[in-house]
Amino acid sequence: MNNDIFSRAENLRQRSRYGEALALYRKVLRSSRGEERLRTLLAIADTLRILGEFSGASRYYEKAIGLAKNLKDVVSAVDGTVGFSLSKRALGDWRRALRLLRGAEKSYKKLKDAEGAAFALWSIGGTLRVGGDIAGAVKTCKAALKTFETLGDYHGVGYSLCAMGGSSRIRGSFKDSLRYYTEANELFRELKDTFGTAYSHCGIGNALRMQGDLKGARENFKRAITLYRRMGDIVSYSYTLWSMGKTYMALGKYALAEKYLNEALGHFRKTKDPRGIIYCRLGIAELRHLEGKAAPARRFAQAALDEARRRGFKVEACHARAMLNIMDGRPHPGCYNVLGLRLPGLRSIPMNIP
């Protein structure tokens, strides 16, 4: 009976119907034991992480890791560690995540689990990006891409292309970013991967936004928002709302920009996503500055800077420093050059933050 319910849940999750899948997994968990309980704990944790419930996901991963060790299931213990790491990264603890992911990659290699090692490598690339090592992120994601191509894992190829697209955008290589995301989008649509399709539409939108194609950006964000709403993915949805807010800011539609930024901020607070909160604070700081409200503008920008520094988010700290310098009439900071980012256009408000 449990096997049938679990299979139905897996089918729902593959179709991005996460809330329905979660209800069935929890039903299985109530009467499961041993390996069945372990796979269910991992499935619940993975689903909670996708839904942005990172603290809950972390607790289920810890339960799964403990049970896997008792059952001497080494592979599941490593799988749980990777998921736990990604949850901690989303909560801002990227340093711990990086340390655990590097250990997981080594473990997968010892186990001769090439698929697991590739996923860990992809996860490391994303974590380096959060920590501000963009060159390292690009290099690592390229290595993950090659591995997934060798394995014939086309979903992995698509997500690696998206990771390349994101890192390229932050570095200032907007044409490369658009190329990677477009290639990923074509692949995901062929694979009927709803999440990947939404993710790549958001990436295409941001790449177009950085190149000044605001109409194209908005069209792609709308597509992403529709798909994320359907899936119930609050995390990616919130970053898309932020991107839409920045697009409306560039169009001079400040009331709409504030609406999207405030909605995104509410979701980021719910999911306890510190990077998302920082980006929204920066956006609101810009709006206050454009309204001529200097004191609140500086307060929001300074709060973003303080939090970014505390968390070790080097890119976000640089954006906040640049914004404060613009507000104070000081020279452009050198932190972008230090980080290897080619973003010379961020010299006036609103800043077209990548």
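Q: Is Glu307 buried or exposed in this predicted model?
A: In this predicted model, the relative accessibility of Glu307 is 17%. Buried means under 20% relative accessible area. Glu307 therefore counts as buried.

Q: Which residue forms a salt bridge with Glu307?
A: The partner lies in helix H16 (residues 294–311), three residues from Glu307, so the two are separated by about one helical turn. This partner counts as exposed, at 57% relative accessibility. The closest N and O atoms of the pair are 3.3 Å apart, and the residue that joins Glu307 is Arg310.

Q: In which helix do Glu10 and Arg13 both lie?
A: The side chains of Glu10 and Arg13 meet in a salt bridge of 2.9 Å, N to O. Glu10 counts as partly exposed, at 22% relative accessibility. The two residues are three residues apart, about one turn of the helix, and both lie in helix H1 (residues 2–14).

Q: Which residues are linked with Glu10 and Arg13 in a network of salt bridges?
A: Glu10 and Arg13 themselves meet in a salt bridge. The network that holds them also includes Asp46 and Arg49.

Q: What is the distance, N to O, in the salt bridge of Arg17 and Glu20?
A: Arg17 is partly exposed, with a relative accessible area of 32%. Glu20 is also partly exposed, at 39%. Their side chains meet in a salt bridge, and the N to O distance is 2.7 Å.

Q: What is the area of the nonpolar surface patch made by Val74, Val75 and Leu111?
A: Val74 is found in helix H5 (residues 74–90). Its relative accessible area is 49%, so Val74 is partly exposed. The patch that Val74 makes with Val75 and Leu111 has an area of about 210 Å².

Terms used:
Residues numbered from 1 in each chain as written. Predicted model: local features only at pLDDT ≥ 70, side-chain atom pairs only at ≥ 80, totals over all residues. Heavy atoms only, no water. Patch = residues over 30% accessible without salt bridge, like charges linked within 9 Å, V, L, I, M, F, W, Y side chains within 5 Å. Areas by Shrake-Rupley, 256 points an atom, 1.4 Å probe, with all protein chains shown as cover. Salt bridge = Lys/Arg side-chain N within 4 Å of Asp/Glu carboxyl O. Helix = DSSP H or I, 4+ residues; strand = E, 2+ residues; numbered from the N terminus. Buried < 20%, exposed > 50% of the residue type's maximum accessible area, 1.4 Å probe, protein only.
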